[in-house]
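Please look through the sequence and the structure below before reading on. The report that follows takes up the confidence of the model, then the protein as a whole, and then what lies inside.

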Amino acid sequence: GPCTKCSCSSGKETSKDKSNKKKKENGEQTFIPKIFFGTRTHKQITQITRELKRTAYSSVPMTILSSRDYTCIHPVVSNSGSNRNEMCVELLEGKNGKSCLYYHGVHKLSEHHALKSAHMMYQAWDIEDLVSLGKKLRACAYFAARELMVGADIVFCPYNYLLDPQIRESMEINLKGQVVILDEAHNIEDCARESVSFGVTENQLRAAREELDLMVNSNIRQKDHEPLRAVCCSLI
């Protein structure tokens, strides 16, 4: 049966603040950890959420963290190919006098889920469900999923969201004191390696060396730039 800690045990949703704490009867606060469930691919998240719907925990508040490639519904950005992140940031910053009306409608999605929780109609959902609802409400599914993380008991995401410190920071993920589950954890080594790896071409190295030559010859922070130039020369 349902456990005694999570919200499904009482038959109704419990309120949470941003620190994920709940008040005891004597006024003290107790920390209730979130469950971060990491998978190798987005397809596996779909499979897991489908199984979650079949359990007694289907009504537990959850969210799925995913990239803009899977969640962006802006007609121009979503069809732009490889530069979705850059285009999204430009719209959020209001460059060229344009903004994203879908981002301004994020509250519609979060309030929709809050309303379902209040009426005990909350059900486990998948990325496609959130995107479909976002299109219907004209609300950004990407930022709505991040906002839902505040009140979620279970957070589903790919491995790199948990392993890569830059992604954790940008997504505001704090794993201290939380429960982390890694599905098919034998794939973690490859994912960790990819998180700290990148590729450069010989032309990029030569261009970097030319710029570093200019900095060194111009006597600009030579102590910093000379070692970098030496690395470029060595690799070339």
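Over residues 10-18 the pLDDT, which is the predictor's confidence in each residue, stays under 50, and for this stretch the model has 15 contacts beyond four places in sequence. The structure is a predicted model, and for the protein as a whole the mean pLDDT is 84, with 84% of the residues reaching 70 or more.

The secondary structure of the protein is made up of 11 helices and six strands. When contacts with a separation of 6 or more are considered, 69% of them join residues that stand 24 or more positions apart in the sequence. The table gathers some values for the whole protein.

| Property of the protein | Value |
|---|---|
| Residues counted as buried | 36% of 236 residues |
| Accessible surface | about 14,800 Å² |
| Part of the accessible surface belonging to carbon and sulfur atoms | 51% |

How many cavities of 30 Å³ or more does a search of the whole structure find? The search finds one such cavity, and the volume of the largest cavity is about 110 Å³. Two elements, α3 (84-92) and α6 (141-148), each give two or more residues to the lining of this largest cavity, and α3 gives the most, with three residues. The lining has 14 residues in total, and those nearest the centre of the cavity are C72, H74, C88, C100 and C140. By character, the lining residues divide into 12 nonpolar, one polar and one charged.

Helix α6, already met in the lining of the largest cavity, is also worth following on its own. Is α6 largely enclosed or largely open to the outside? Because a residue counts as buried when its relative accessible area is under 20%, the burial of seven of the eight residues of α6 shows that this helix is largely enclosed by the rest of the structure. The buried residues of α6 are A141, Y142, F143, A144, A145, R146 and L148.

Two of these residues lead on to another helix, since A141 and Y142 are both in contact with T71. T71 has its place in helix α2, which covers residues 68-71. With a relative accessible area of 3%, T71 is under the 20% cut-off and therefore counts as buried. Leaving aside its neighbours within four places in sequence, T71 also has contacts with S66, I127 and V131.

Methods: Residues are numbered from 1 along each chain as its sequence is written. This is a predicted model: local features need pLDDT of at least 70, side-chain atom pairs count only at pLDDT 80 or more; totals for chains, interfaces and linings use all residues. Side-chain values use heavy atoms; hydrogens and water are left out. Helices (H or I, at least four residues) and strands (E, at least two) are DSSP runs, numbered from the N terminus. Buried means under 20% relative accessible area, exposed over 50%, partly exposed in between (1.4 Å probe, protein chains only). Contact means heavy atoms within 4.5 Å. Accessible areas come from the Shrake-Rupley method with a 1.4 Å probe; for residues, only the protein chains shown count as cover. pLDDT is the predictor's confidence in each residue, from 0 to 100. On a 1 Å grid over the protein atoms alone, a cavity is a set of points where a 1.4 Å probe fits but cannot get out, and a pocket is an open set with protein on both sides within 12 Å along at least five of seven lines; lining residues have an atom within 4 Å of a point. Grid points are joined across faces, edges and corners, and a volume is the space filled by probe spheres set on the points. Ala, Val, Leu, Ile, Met, Phe, Trp, Tyr, Cys and Pro count as nonpolar, Asp, Glu, Lys and Arg as charged, and the others, Gly among them, as polar.
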